[in-house]
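Work through the exercises below with the structure in view, and try each task before reading its solution.

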Amino acid sequence: MAFKEIERKFLVKNTDFIAQAHRSTPIVQAFLNTDPSRTVRVRLKGEKGYLTVKGKSEENGVSRFEWEKEITPTDVHALLPLCEPSPIEKTRYEVWVGEALYEVDVFHGENEGLIVAEIELTDVAQDFEKPTWLAEEVTSDTRYYNSALSQHPYKHWNK
C-alpha cells in the first residue's frame, strides 16, 4: 500500500506513559538501505514481519511517502543478514491520549536511554492533545530517524 505518512515526533521526559499504555510490542528492525531518498527497512513487530520503503521527508520533516507490505517472520530473518549495521531494538507502547494514538518507542541496546513518541496525523495542520510526558519536538531532526540511529546510535552521541 502506498500513501503519504504524516507524523510528528517528540522526545519523552519520563515513563508515566507506561501506566496508560494499552499494548506493548517488541520490535527488531534493520535497514537494507539508509539513503534518505529511499529508506528500505525490514521489521519484526511481535510475531509479524514487514518490508517498508520510505521516501525522502519534506523539508519540515512532517510527511513523506511510505509503502509497507506484510511479510513472513521467516522472510525477515532471511533478509536481516543482508542489512546494514546496526539493528534497532525497541519496545513500542501504544497510548491513547484523547482521540490521538501515540506510539512510544523505548529503545534498547546501542540506543538505550532514548524514548521517542510519534503521532500519525491525517493532515499537517491537525490539532492533537499533548500529554504531560512529552518533551521537545524533534520531527525535523533527522538524528532521531531510526535509519540514522542504526548508523549513529544514541549511546555514542555527545550529549
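The exercises that follow concern a predicted model, and they deal with pockets, one residue and its surroundings, and salt bridges.

**Exercise 1.** Describe the largest pocket by its volume, its lining residues and the classes to which they belong.

*Solution.* Begin with the volume, which is about 650 Å³ for the largest pocket. Next, turn to the lining, which is made up of 36 residues, with E5, E7, E103, E118 and E120 lying nearest the centre of the pocket. Then sort the lining by class, which gives nine nonpolar, 10 polar and 17 charged residues. Finally, ask where in the chain the lining comes from: among the elements that each supply at least two residues are strand 1 (2-12), strand 7 (100-107), strand 8 (115-120) and helix 2 (146-151).

**Exercise 2.** Describe the second largest pocket in the same order, and find which element gives the most to its lining.

*Solution.* The second largest pocket has a volume of about 240 Å³. Its lining consists of 16 residues, and those nearest its centre are P36, S57, T142, Y145 and S147. By class, the lining of this pocket holds three nonpolar, nine polar and four charged residues. Helix 2 gives the most to the lining, with three residues.

**Exercise 3.** Decide whether L51 is buried, partly exposed or exposed, and list its contacts beyond its close sequence neighbours.

*Solution.* First locate L51, which belongs to strand 4. Its relative accessible area is 22%, and since buried would require a value under 20% and exposed a value over 50%, L51 is partly exposed. Once the neighbours within four places in sequence are set aside, L51 is in contact with L32, V40, R41, V42, W67, E68, K69 and I71.

**Exercise 4.** For the salt bridge between E68 and R41, work out which parts of the chain are joined and how each partner is placed with respect to the surface.

*Solution.* Start from the principle that side chains of opposite charge can pair when their charged atoms come close. The side chains of E68 and R41 form a salt bridge at 3.3 Å, N to O. Because E68 lies in strand 5 and R41 in strand 3, the pair ties together parts that are 27 residues apart in sequence. As for placement, E68 is partly exposed at 28% relative accessibility, whereas R41 is buried, with a relative accessible area of 7%.

**Exercise 5.** Which residue forms a salt bridge with R8, and how many residues apart are the two partners?

*Solution.* R8 pairs with E137, and their closest N and O atoms are 2.5 Å apart. This pair links distant parts of the chain, with R8 in strand 1 and E137 in strand 9 (residues 134-137), 129 residues apart. R8 counts as buried at 16% relative accessibility, while E137 counts as partly exposed at 35%.

Technical notes:
Residues are numbered from 1 along each chain as its sequence is written. This is a predicted model: local features need pLDDT of at least 70, side-chain atom pairs count only at pLDDT 80 or more; totals for chains, interfaces and linings use all residues. Side-chain values use heavy atoms; hydrogens and water are left out. On a 1 Å grid over the protein atoms alone, a cavity is a set of points where a 1.4 Å probe fits but cannot get out, and a pocket is an open set with protein on both sides within 12 Å along at least five of seven lines; lining residues have an atom within 4 Å of a point. Grid points are joined across faces, edges and corners, and a volume is the space filled by probe spheres set on the points. Helices (H or I, at least four residues) and strands (E, at least two) are DSSP runs, numbered from the N terminus. Ala, Val, Leu, Ile, Met, Phe, Trp, Tyr, Cys and Pro count as nonpolar, Asp, Glu, Lys and Arg as charged, and the others, Gly among them, as polar. Buried means under 20% relative accessible area, exposed over 50%, partly exposed in between (1.4 Å probe, protein chains only). Contact means heavy atoms within 4.5 Å. A salt bridge is a side-chain nitrogen of Lys or Arg within 4 Å of a carboxyl oxygen of Asp or Glu.
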